[in-house]
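Dear colleague,

Here is the structure I promised to hand over, with my notes below it. Please look through the model first and then read on.

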Amino acid sequence: MKSLVLIGFMGTGKTTLGKALAERLARPLVDLDDVIVREQGMEIGELFARYGEDYFRRIEHETLCRYVAQPDLILSPGGGAVLQEVNRAVMREHCLVVCLTAQPEVILRRVEQDKTVRPVLERREPGQSKLERIEQVLAERSACYQEADLVLDTSHASIEELTEQVLLWLKEQAGA
């Protein structure tokens with residue numbers, strides 16, 4: 001079976017849903033940012049600071065390409081992986097793509113509970129709040145996210161509800 005890739009902005013639940021789906025489907029979950037951190041020997045924020053975004057995006061693309069063609073995985077790339085058309089194309093070609101969305105206020109609440117350095121949120125204009133930055137980046141990425149095979153709003157749904165929605169959708173895809 002094709003691998004399943006979960007895309008979406010930070011804080012939309014890619015990792016949480018990925019873990020639930022991995023358990024239910026008995027498939028490995030591969031968090032591509034974790035792979036990059038392990039292979040590069042430094043956190044994503046440090047990679048951005050030390051080498052810049054272009055370097056990180058190149059590493060991200062190479063990592064994505066190593067995994068997308070493998071069957072029976074659940075992949076969770078970083079939220080910005082969709083910025084490159086080549087990444088979206090390779091995901092569409094090899095995987096079923098599910099995009100997770102959430103309301104900006106919900107995303108802010110979720111990421112503030114997590115102490116992970118978020119380079120995208122740190123690059124704010126003077127006077128720009130984190131919420132305004134989230135809204136700005138979501139608007140910039142919206143068209144990329146809408147290319148997914150399935151789009152789910154995670155703002156108010158439980159992980160159990162989302163898992164069931166994806167499992168039902170996968171069953172429908174298998175029967176099509």
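In what follows, a residue is called buried when its relative accessible area is under 20%, and exposed when that area is over 50%. Please keep in mind that this is a predicted model.

I begin with helix α9, which covers residues 159-175 and reaches 24 Å from its first C-alpha to its last, close to the 24 Å expected for its 17 residues at 1.5 Å a residue. The buried residues of α9 are L162, T163, V166, L167, W169 and L170. Seen down the axis of α9, these buried residues fall within an arc of 165 degrees, so they line one face of the helix. On the other side of α9, E160, K171 and G175 are exposed. As for what covers the buried residues of α9, the elements include β1, α1 (14-25), β4 and β5 (150-153).

Turning to the interior, the largest nonpolar core has 31 residues, and those with the most contacts inside this core are I7, F9, L75 and M91. Among the elements that give two or more residues to this core are β1 (3-8), α4 (53-68), α5 (85-94), β4 (95-101) and α8 (130-145), and the largest share, five residues, comes from α8.

Which residues does M91 touch, not counting those up to four places away in sequence? They are V5, I7, L64, V68, P77, V82 and V97. There is also a second, separate core of 16 residues, which includes L96, V98, L150 and L152.

With best wishes

Methods:
Residues are numbered from 1 along each chain as its sequence is written. This is a predicted model: local features need pLDDT of at least 70, side-chain atom pairs count only at pLDDT 80 or more; totals for chains, interfaces and linings use all residues. Side-chain values use heavy atoms; hydrogens and water are left out. A nonpolar core is a set of buried Ala, Val, Leu, Ile, Met, Phe, Trp, Tyr and Cys residues joined through side-chain atoms within 4.5 Å. Buried means under 20% relative accessible area, exposed over 50%, partly exposed in between (1.4 Å probe, protein chains only). Helices (H or I, at least four residues) and strands (E, at least two) are DSSP runs, numbered from the N terminus. Contact means heavy atoms within 4.5 Å. The expected span of a helix is 1.5 Å times one less than its number of residues. The arc is that of the directions from the helix axis to the C-beta atoms.
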